Amino acid sequence: MKTSTRFIFVFALILLISASTQVSAQKKLCAAAPPSPYKHNGTIVTSFDTATRGMRTTLTHPRIINAGGEAFYLTASFLHRKADRPAPLAVEIAFISAAKSPKHRDSHNLVFLADGRPFPLVVPAQYQTAKAERGQTLEATKVTVPFDSLLNLLRAGRVATRIGQTELELTQNHLEALRELASLIAPSPSKWATN
């Protein structure tokens with residue numbers, strides 16, 4: 001083997017060894033995230049909210065909450081605090097249903113029930129509609145829950161909500177998704193001891 005060929009071969013070997021060392025070092029530094037202690041089917045994403053010009057974390061849950069043949073979906077979100085403009089911590093929770101015609105237009109009173117007892121909320125619910133496919137109307141009844149109130153609500157073993165005359169019971173899957181969302185605001189696993 002010529003001297004120049006040996007030099008190129010040794011140089012290529014050194015590059016190969018250093019590249020594999022860097023990859024193994026990166027694998028050690030970029031360990032996989034530990035599995036979430038919260039077991040649910042919801043999806044939680046953080047994205048830029050153009051309306052508020054800040055970051056928003058949003059939970060969407062694919063499982064239906066049934067109430068007397070009517071299907072509801074749960075979504076929830078919170079805005080991240082800005083250092084220059086601190087705001088009270090709160091989570092916006094919405095229950096969304098689809099129907100041929102609006103059913104909950106006059107149901108502006110949304111009441112949470114924690115272990116069968118009414119849970120006090122200071123803020124009234126908001127109601128919105130939007131046109132959907134096949135002539136249906138999407139109805140969203142949403143309420144902004146202060147963070148401390150949400151923590152107290154999520155300590156209950158059984159949580160339901162009443163929208164007008166319709167009562168929805170959240171499954172443990174929905175509650176776990178809300179607990180994970182709340183933990184992203186202020187992580188503290190000890191807060192989730194249920195009664």
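Helices (H or I, at least four residues) and strands (E, at least two) are taken here as DSSP runs, numbered from the N terminus. By that rule Leu-168 belongs to strand β11, residues 166-169. The structure is a predicted model, in which local features need pLDDT of at least 70 and side-chain atom pairs count only at pLDDT 80 or more, while totals for chains, interfaces and linings use all residues. Residues are numbered from 1 along each chain as its sequence is written, and side-chain values use heavy atoms, with hydrogens and water left out.

Confidence comes before detail. The pLDDT, the predictor's confidence in each residue from 0 to 100, has a mean of 77 over the chain, and 72% of the residues reach 70 or more. Among the elements, helix α1 (residues 3-29) has the lowest mean, 48, and α3 the highest, 93. The pLDDT is below 50 over residues 19-28, a stretch with zero contacts beyond near neighbours in sequence; contact means heavy atoms within 4.5 Å. Residues 189-195 also have pLDDT below 50, but this stretch has 16 contacts beyond near neighbours in sequence. Where pLDDT is low, the predicted coordinates should not be read in detail.

Strand β11 is part of an open sheet of four strands, ordered β7-β6-β10-β11, with antiparallel pairing. Because β7 and β11 stand at the edges, each with a single partner strand, one side of each has no neighbour in the sheet. Neighbouring strands in this sheet are turned against each other by 30° on average, direction ignored; the axes behind such angles are lines fitted to C-alpha atoms, for helices over the stretch in contact, and angles run from 0 to 180 degrees between N-to-C directions. Two strands count as paired if DSSP finds at least two bridges between them. Between β6 and β10 there are five bridges, in the antiparallel sense, and Val-111 has Arg-162 in β10 as its bridge partner. Strands β10 and β11 are joined by four bridges and run antiparallel, with Ile-163 partnered by Thr-166 in β11. Two residues lie between the strands of this hairpin, where Gly-164 takes a positive phi near 65°.

In a regular strand the side chains alternate between the two faces of the sheet. Along β11, Thr-166 and Leu-168 point to one face and are buried, whereas Glu-167 and Glu-169 point to the other and are not. Buried means under 20% relative accessible area, exposed over 50%, and partly exposed in between, with a 1.4 Å probe and protein chains only. Leu-168 counts as buried because its relative accessibility is 0%. Apart from neighbours within four places in sequence, Leu-168 contacts Ile-65, Ala-67, Phe-72, Phe-95, Ala-160, Thr-161 and Ile-163.

Other strands pair as well. Strand β2 (residues 54-60) pairs with β4 in the antiparallel sense over five bridges, and Thr-57 stands opposite Phe-78 in β4. Three bridges join β3 to β4, again antiparallel, with Ala-67 opposite Glu-70. These two strands form a hairpin with two residues between them, and Gly-68 in the turn has a positive phi of about 60°. Strand β4 is also joined to β5 by six bridges, running antiparallel; Ser-77 has Glu-92 in β5 as its bridge partner.

The interior can be described through nonpolar cores, sets of buried Ala, Val, Leu, Ile, Met, Phe, Trp, Tyr and Cys residues joined through side-chain atoms within 4.5 Å. The largest has 33 residues, and Val-91, Ile-93, Phe-95 and Phe-112 have the most contacts inside it. At least two residues each come from β3 (65-67), β4 (70-79), β5 (90-99), β6 (110-114), β9 (137-146), α2 (147-154), β10 (159-163) and α3 (172-185). Helix α3 gives the largest share, six residues. Beyond four places in sequence, Phe-112 touches residues including Ile-93, Phe-95, Phe-119, Val-143, Leu-153 and Ala-160.

Helix α2 lies across β6, β7 and β10, at about 160° to β7. Its buried residues are Phe-147, Leu-150, Leu-151, Leu-153 and Leu-154. They lie on the same side of α2 because they cover an arc of only 165° around the axis, the arc being that of the directions from the helix axis to the C-beta atoms. The cover over the buried residues of α2 includes β5, β6, β7 (117-119), β9, β10 and α3.
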